[in-house]
Amino acid sequence: MTERPILMTQGNAQKCHDGTKTMTRRTSGLSIINERPNEWDLMLFDGELAQFSRCRGSARASIRCPYGQVGDRLRINEPHYLYGHWKKNGTTKTGRQKWRFACDPSRGARFPDRAPNRVLRGPLAIDGWFRRHARFMPKWAARTVVEITELRIEWVQAITPEEARAEGCEDAICALGAFAELYDSIYGQGSWARNDWVWVIGFRRVGG
């Protein structure tokens with residue numbers, strides 16, 4: 001079993017933590033198959049995607065899912081708050097000051113649903129709580145861990161209303177419409193209409 005980090009927006013991370021989001025769709029690592037070739041079949045074996053020619057029966061290319069395979073775990077990296085201060089960390093080639101954030105792990109991490117009363121805006125050399133981007137979350141700070149229970153490859157528009165709700169879209173009138181808006185908000189306007197190939201990852205919360 002392997003554990004990897006996965007980035008989530010604030011709202012989606014909270015839904016994973018609450019258990020109302022049990023599925024995600026990701027486009028990462030799919031550039032070699034993004035042309036939707038009709039003459040190729042896509043098959044998935046133990047987390048590895050392969051394209052097989054319908055004409056010759058030979059493999060054209062393969063790519064391993066960057067998020068692992070069924071049974072692996074994902075550590076949810078999300079926006080958070082850490083206590084610490086900023087240290088000077090040399091300069092850029094143009095002479096601009098560089099900074100490095102030094103946190104105090106003993107103070108733990110806070111999250112938007114229980115944010116600190118006072119948040120400083122850095123970089124500052126004084127101690128306090130600072131908001132940190134999901135990509136900078138230390139492993140020890142993650143509050144939610146999930147296990148992959150399902151993995152497949154498909155076009156994003158193949159999603160069903162039930163799966164849209166599993167993605168955390170609880171709109172009672174049109175869960176699919178809510179998911180399309182969510183997808184465009186993350187990947188850019190027009191992404192839903194482009195109908196990308198996506199990794200479909202189902203999961204269940206196991207820790208945090």
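**Entry 1. Asn195 and its surroundings**

I began with Asn195, which counts as buried at 11% relative accessibility. The model is a predicted one, and I read every value below as computed from it. I located Asn195 in the loop between helix H4 (191-194) and E12. I then looked up its backbone: Asn195 has a positive phi of about 60° although it is not a glycine. I noted this angle because most residues other than glycine have a negative phi.

I next examined the salt bridge between the side chains of Arg194 and Asp196, with an N to O distance of 2.8 Å. Arg194 is partly exposed, with a relative accessible area of 44%. Asp196, by contrast, is buried, at 5%.

**Entry 2. Salt bridges**

How many salt bridges does a search of the whole structure find? I recorded 14. Side chains of opposite charge can pair when their charged atoms come close.

I looked up the pair of Glu167 and Lys21, whose closest N and O atoms are 2.8 Å apart. This pair links distant parts of the chain, with the two positions 146 residues apart in numbering. Glu167 sits in the loop between helix H2 (161-166) and H3, and Lys21 sits in the loop between H1 and E2. Are these partners buried or exposed? Glu167 counts as buried at 2% relative accessibility. Lys21 is likewise buried, with a relative accessible area of 2%. I apply the cut-off here: both values fall under 20%, so both residues qualify as buried.

I then turned to Asp113 and Arg143, whose side chains meet in a salt bridge at 3.4 Å, N to O. Asp113 belongs to the loop between strand E9 (109-110) and strand E10 (128-132). Arg143 belongs to the loop between E10 and E11. The two residues are 30 residues apart, and the pair links distant parts of the chain. Asp113 counts as partly exposed at 42% relative accessibility, whereas Arg143 is buried, with a relative accessible area of 11%.

Returning to Arg194 and Asp196, I noted again that Asp196 is buried. I also looked for salt bridges that share partners: they join Lys21, Arg25, Glu150, Arg152, Glu154, Glu163 and Glu167 into one network.

**Entry 3. The loop between E9 and E10**

I placed Leu120 in the loop between E9 and E10. Leu120 is buried, with a relative accessible area of 10%. I checked its distance to Phe130: the two are ten residues apart in sequence and 5.4 Å apart in space, C-alpha to C-alpha.

Pro123 lies in the loop between E9 and E10 as well. I found a cis peptide bond joining Gly122 and Pro123, with omega about 0°. I marked this bond because most peptide bonds are trans.

**Entry 4. Nonpolar cores and H1**

Which residues have the most contacts inside the largest nonpolar core? I listed Tyr67, Leu74, Ile76, Trp199 and Ile201, in a core of 16 residues. Helix H1 (10-18), strand E6 (73-77), strand E11 (145-155) and strand E12 (197-207) each supply at least two residues of this core. Apart from it I found another core, of eleven residues, including Met23, Ile159, Ala164 and Phe179. In soluble globular proteins, nonpolar side chains tend to be buried together.

I then examined H1 itself. Its buried residues are Asn12, Ala13, Gln14, Cys16 and His17. Gly19 follows H1 and has a positive phi, near 85°.

**Entry 5. The largest pocket and H3**

I recorded about 290 Å³ of space in the largest pocket. It is lined by 17 residues, and the closest to its centre are Leu7, Met8, Thr9, Arg26 and Ile186. Strand E2 (23-26) and helix H3 (175-187) are the elements that give two or more residues to this lining. H3 provides the largest share, five residues. By class, I counted nine nonpolar, four polar and four charged residues in the lining.

Finally, I looked up Ser185, which lies in helix H3. Is Ser185 buried or exposed? Ser185 counts as exposed because its relative accessibility is 57%. A polar atom of its side chain lies 2.6 Å from the backbone oxygen of Leu182.

Technical notes: Residues are numbered from 1 along each chain as its sequence is written. This is a predicted model: local features need pLDDT of at least 70, side-chain atom pairs count only at pLDDT 80 or more; totals for chains, interfaces and linings use all residues. Side-chain values use heavy atoms; hydrogens and water are left out. A nonpolar core is a set of buried Ala, Val, Leu, Ile, Met, Phe, Trp, Tyr and Cys residues joined through side-chain atoms within 4.5 Å. Buried means under 20% relative accessible area, exposed over 50%, partly exposed in between (1.4 Å probe, protein chains only). Helices (H or I, at least four residues) and strands (E, at least two) are DSSP runs, numbered from the N terminus. On a 1 Å grid over the protein atoms alone, a cavity is a set of points where a 1.4 Å probe fits but cannot get out, and a pocket is an open set with protein on both sides within 12 Å along at least five of seven lines; lining residues have an atom within 4 Å of a point. Grid points are joined across faces, edges and corners, and a volume is the space filled by probe spheres set on the points. Ala, Val, Leu, Ile, Met, Phe, Trp, Tyr, Cys and Pro count as nonpolar, Asp, Glu, Lys and Arg as charged, and the others, Gly among them, as polar. A polar contact is a pair of N or O atoms within 3.5 Å; within protein, one must be able to donate a hydrogen and the other to accept it, and residues adjacent in sequence count only if both atoms are side-chain atoms. A salt bridge is a side-chain nitrogen of Lys or Arg within 4 Å of a carboxyl oxygen of Asp or Glu.
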